[in-house]
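Ready to practise reading salt bridges? Work through the exercises below with the structure open beside you.

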Amino acid sequence: MRRLFLSVLMLFFVQTLFAQGSEIAAEEEQAEIKTPAILQRVNVERDERLDKMLNWHIENNKNRNGIDGYRVEIFFSSDMNAKEKAFDKKVEFLSKYPDYNVHVKFVAPNFRVRVGDFRTKNEAWKLYEKIKDDYRAAFVVKDKINFPVLNPIDYE
């Protein structure tokens, strides 16, 4: 029993030695990664792995082309003239509620008209409650939404 314990302990020790060797190689690869513009202006001492994670996160978000959120779907149809109906519904909605973004999407076989870019379901429900009398077929859906516009903070 003692030999088994010692052999397992030695295997674990050898494994950690090899893992540290591969970690050093990975750190050398990280030196090639460029630092994001926001961190170039700030002098912060940090681990290089943080830069790698931040670059991965930035690239991943660029590839996703949006974030998870909610919209209110006010129209969908697969008729022969569904595209025209969808754009008419978009114009109609914007004439009544010009403050919201309206998106026309084609998800086979339907054209869909979705409204808003909400981070939470509660925000989408507020719009739903506001428009439910005008659009009886409206409902809240989970969707990829556009990134929110961030206004720069001016401290001076």
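## Exercise 1: a pair across two strands

Aspartate 68 and lysine 144 join their side chains in a salt bridge, at 2.8 Å from N to O. Find out which parts of the chain this pair ties together.

*Solution.* Start with the term: a salt bridge puts a side-chain nitrogen of Lys or Arg within 4 Å of a carboxyl oxygen of Asp or Glu. Next, place the residues: aspartate 68 sits in strand S1 (residues 67–77) and lysine 144 in strand S4 (residues 139–145), so the pair ties together parts 76 residues apart in sequence. Strands are DSSP runs of E with at least two residues, helices runs of H or I with at least four, numbered from the N terminus.

A quick note on the model: it's predicted, so local features need pLDDT of at least 70 and side-chain atom pairs pLDDT 80 or more, while totals for chains, interfaces and linings use all residues. Residues are numbered from 1 along each chain as its sequence is written, and side-chain values use heavy atoms, leaving out hydrogens and water.

## Exercise 2: buried or not

Work out whether aspartate 143 is buried or exposed, then do lysine 105.

*Solution.* First, their link: the two form a salt bridge, with the closest N and O atoms 2.9 Å apart. It connects distant parts of the chain, strand S4 and strand S2 (residues 102–107), 38 residues apart. Now the cut-offs: buried is under 20% relative accessible area, exposed over 50%, partly exposed in between (1.4 Å probe, protein chains only). Aspartate 143, at 11%, is buried; lysine 105, at 25%, is partly exposed.
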